[in-house]
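Reader: I should like to take a close look at one kind of side-chain contact, and to have it set beside its surroundings in the rest of the model. Please keep the reasoning explicit where a cut-off decides the wording.

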Amino acid sequence: MITVFDPKTDMDLGTPARESQVQVTLNIDGRSISVPEGTSVMRAAALLGTTIPKLCATDSLEAFGSCRMCLVEIDGMRGYPASCTTPVTEGMTVHTQTPKLATLRRNVMELYISDHPLDCLTCSANGNCELQTVAGQVGLREVRYGYEGENHLDDVKDTSNPYFDYDPSKCIVCNRCVRACEETQGTFALTITGRGFESRVAAAGGDNFLDSECVSCGACVQACPTATLMEKSVVELGQPERSVITTCAYCGVGCSFRAEMKGDQLVRMVPDKNGHANHGHSCVKGRFAWGYATHPDRITKPMIRKHINDPWQEVSWDEAVTYAASEFRRLQQKYGRDSIGGITSSRCTNEETYLVQKLVRAAFGNNNVDTCARVCHSPTGYGLKQTLGESAGTQSFDSVMQADVILVMGANPSDAHPVFASQLKRRLREGARLIVIDPRRIDLVDSVHARAELHLALRPGTNVAMLNALAHTIVTEGLLNQPFIDARCEGNDFARWSEFVSRAENSPEALGPVCGVEPADIRAAARLYATGGNAAIYYGLGVTEHSQGSTAVMGIANLAMVTGNIGREGVGVNPLRGQNNVQGSCDMGSFPHELPGYRHISNEVVRTQFEQAWNVTLQPDPGLRIPNMFESALAGSFKGLYCQGEDIAQSDPNTQHVTAALSAMECVVVQDIFLNETARFAHVFLPGASFLEKDGTFTNAERRISRVRKVMDPLGGKADWEGTVALANALGYPMNYKHPSEIMDEIASLTPTFTNVSYAALDSHGSLQWPCNAEAPDGTPTMHIEEFVRGKGRFMLTGYVPTEEKVNNRYPLLLTTGRILSQYNVGAQTRRTENVAWHDEDRLEIHPTDAESRGINEGDWVGIGSRAGQTVLRARVTERVAPGVVYTTFHFPESGANVITTDNSDWATNCPEYKVTAVEVSRVYHPSEWQKRYQAFSDEQDRLLKERRQARGAKAEVRR
Ligand code: SF4
Ligand code: SF4
Ligand code: SF4
Ligand code: FES
């Protein structure tokens, strides 16, 4: 643990670092220093340990030069230049402390203080306020102007944002918040209105912060040097006393945070400026939406019941795991070894997912283990392995800053990967060009100071056709990178592929109408991607969650190879992973056919290695995937499931099918922090631990392994890995780990890409990107530099096969799904935070023409029917979606978005086709039949949970 402020790493050097080969030497207060050309005098002084007072400058933002607090004297230069805006020059001699400067600074500070409420003792920033600190530094002792004149002391506070207040009476108009919103976040929501004394900060697009364009990232709050913008949690709880560096548990960006604590109470999350994935930035989820961790809905006692219509019985951990183990063994005796299995979660740590798959393989004795990545990025694993040889993205996020052309396909970074989106937008403001391929007009298509040059709004389900048409243009117009292909790729495969894509049937003219996109736009996109300099592809679930998800991933890899856009900074193939540890859960051997490190279970050499380490005999054949588990459950051969941290009843497609399968099982063990939708079908509930309650690691979308550090004890008594250890021991398979670091040591010893990973190495590096081994001891930011992991890159044929899910007269619209910034995945966490202020229900987006022809108005209840089922949502009429396409999010269980998605799935990996469902939409006045049934079942399960609670209360009464 470290203190709240670590001077070594957290010191604010005033202005951003500059990179230059040229070093400039200057003299500051009699001491010499050499810094890169372009560095400010202020930063050079700070590097020498000399503090120059400052208010408007901070090293996360470009210098602005407005407060006049940082004046210095420079030999040969007239006047008193601001050190923050003055770059160093060779031989410069600077004086930072002179009697004249002291007087000037005191005078400036006097003016600030004369319009500032002097309530320091009761102010929430007391002890952590730059204005207070600088007043002390300049030695201000009196204010000659009095406080009676014109001032802003009665300005009204804006408390509309659920997480932070804006108190204009404390504002010194330093502009840091405005610049943070522009430079760091890229939203441009703040502005300074008025001039001179009338200047005030205002949020654009609304009367207050909540109604404005602000996306609540908190960058302005972090940048504010006073208590003007302040977290409500700090106002309520006071300034923190200590902090612990940990990793966000939401999305695949994997932002690093300082969890700032007061005793055992989390006071605030502050993005870590040394975090390699986020560089001190965050989004609303990671920074503010952590209240779920101590929400009253947390279940903190193990529970068991015989049938799912029985009330829950609270029991000890011992009783719960003993009962679960005896049930699992009973089922295996009765129905066979393969009648049970486990599901790991991308929300849990690497160590936890590793243990669950180990428990299944070693203690259950089968390979029936799968992970939620099955339903999101399994096609990435397959497609990239086939073409490039490794199931992972090729770049660091920082690589985007070297990209000249950025192609975003089937991803919505500003909502789903917000901190990366901010970086991407920064690169766009620097001049990079953007192509968006998405059925929906996502924010990036037209955001402030960042616009897509081309938006190919393709019809859902036509990704592969689009990729083939792009490849056709590149090959037939001679835009390929032949030297790269000759040197780096399999010649025969390339010849076969290039003949295939060159066929007329793959031309934009043939496939443009299939995609619903002008052929000329496809050609323009292909030319820009192939010839615009460094070109990088970022893609998401809009690529993978299709019946041809794996084909599309291979098509993307083909594009990168044919243009030579792989193996260096600024290019590459970058899957944006949805949950925090999707990459990690895949790396850890969660798939039924692969041991950790993506090695096939049938490989005898590898299997023997694990058998020796684990002291068991492993089955050589792959086990059941999640959809196969459901089918086998309905067929009567799969009877028991251990599900850690995953909510398959809400997140998997065709909800009725999933719930029927769960109902058919005899022992469902759910380990989670809440009684989630799946737990309503469970027989054993093991209390899970939030990311604040355990040690471990997450691996983000750029293969970056970062530490998760415990800041408080598990509310349920055990971290998730400890629950798995207890279950394994109860099953008679000994596990004796004392700390997750020992689990990581075992992973490293068995996984070639993790050989040099250890908690000690992570602590010293901050984070490490795998492969991290003898060849790459400090990790691997960019992959496939000299050669592909598989040796030569392999072009794969990507014939376009239209999905079976087709529109017809009965189902004339195509439904596609996605995420929204304020909510996360199934919403179990974010629904239990103030984030509901922005999104408290899932809505159906429908184009005005489709709405009009059906008599649907904004806010109307509409029934959405597909071949799989029906649900009802309220309508949002918007041109964000094209005619013929409707869209919804899936963050609320009662929405039943997955009641309508079908069983169709990717041919290679079974990843569900969430993104294409043929539907009809009509105005209705009642919930759907499914929603009525869902409500009744939920009410009953809530009652059964409540009875358990009442029983506990009654016992307590008796004891008293
Ligand atoms: S709100 Fe804070 S950061 Fe913004 S201008 Fe006022 S004092 Fe500066
Ligand atoms: S919270 Fe973020 S988006 Fe909102 S005003 Fe501040 S910097 Fe801008
Ligand atoms: S949700 Fe993602 S972008 Fe937001 S803070 Fe967490 S890791 Fe970063
Ligand atoms: S810190 Fe330099 S002018 Fe404000």
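Is Asp-713 buried or exposed, and what is its relative accessible area?

Author: Bearing in mind that this is a predicted model, Asp-713 is exposed, with a relative accessible area of 55%, and the word follows because exposed is used for values over 50%. Its salt-bridge partner is Lys-710, with the closest N and O atoms 3.4 Å apart, and Lys-710 is partly exposed at a relative accessible area of 34%. Side chains of opposite charge can pair when their charged atoms come close. The structure holds 52 salt bridges, and a few others help to place this one.

A contrasting setting is found where the side chains of Arg-298 and Glu-693 meet in a salt bridge, at 2.8 Å from N to O. This pair ties together distant parts of the chain, 395 residues apart, with Arg-298 in the loop between α8 (284-288) and β13 (303-304) and Glu-693 in the loop between β28 (684-687) and β29 (696-699). Arg-298 has a relative accessible area of 6% and Glu-693 has one of 0%, so each of the two is called buried, the limit being under 20%.

A mixed case is the salt bridge between Glu-509 and Arg-523, whose closest N and O atoms lie 2.9 Å apart. Here the link runs between two helices, from Glu-509 in α17 (residues 508-515) to Arg-523 in α18 (residues 519-531), 14 residues apart. Glu-509 is partly exposed, with a relative accessible area of 43%, whereas Arg-523 is buried, with a value of 15%. Salt bridges can also join into networks, as they do for Glu-231, Arg-258, Glu-260 and Arg-268.

Helix α17, which carries Glu-509, also packs against another helix: the axes of α14 (residues 463-476) and α17 come within 9 Å and cross at roughly 155°. Because of that angle, α14 is roughly antiparallel to α17, and the crossing of the two is left-handed.

The ligand surroundings show where charged residues do and do not appear. Around ligand 1 there are 13 residues, of which Cys-171, Cys-174, Asn-175, Cys-177 and Cys-224 come nearest, and by class this shell has 9 nonpolar, 3 polar and 1 charged residues. Ligand 2 is surrounded by residues that include Phe-164, Gln-185, Phe-209, Ser-216 and the cysteines Cys-181, Cys-214, Cys-217 and Cys-220; two or more residues of this shell come from each of α5 (176-185) and α6 (219-223). In the shell of ligand 2 there are 9 nonpolar and 3 polar residues, and no charged ones.

Ligand 3 has a shell whose members include Cys-248, Tyr-250, Cys-251, Cys-255, Phe-257, Cys-283, Lys-285, Pro-418 and Val-419. The elements that give two or more residues to this shell are α8 and α13 (418-429), and α8 is also the helix that precedes the loop holding Arg-298. By class, the shell around ligand 3 has 9 nonpolar, 2 polar and 1 charged residues.

To return to the starting point, the bridge between Lys-710 and Asp-713 has one partner that is partly exposed and one that is exposed, while the bridge between Arg-298 and Glu-693 joins two residues that are buried.

Note on methods. Residues are numbered from 1 along each chain as its sequence is written. Chains are lettered from A and ligands numbered from 1 in the order in which they are written. This is a predicted model: local features need pLDDT of at least 70, side-chain atom pairs count only at pLDDT 80 or more; totals for chains, interfaces and linings use all residues. Side-chain values use heavy atoms; hydrogens and water are left out. A salt bridge is a side-chain nitrogen of Lys or Arg within 4 Å of a carboxyl oxygen of Asp or Glu. Helices (H or I, at least four residues) and strands (E, at least two) are DSSP runs, numbered from the N terminus. Buried means under 20% relative accessible area, exposed over 50%, partly exposed in between (1.4 Å probe, protein chains only). A residue is near a molecule or strand if one of its heavy atoms lies within 4 Å of it. Ala, Val, Leu, Ile, Met, Phe, Trp, Tyr, Cys and Pro count as nonpolar, Asp, Glu, Lys and Arg as charged, and the others, Gly among them, as polar. Axes are lines fitted to C-alpha atoms, for helices over the stretch in contact, and angles run from 0 to 180 degrees between N-to-C directions. Angles under 35 degrees count as roughly parallel, over 145 as roughly antiparallel, 65 to 115 as roughly perpendicular and the rest as oblique. A crossing is left-handed if the near helix is turned anticlockwise from the far one by less than a right angle, and right-handed if clockwise.
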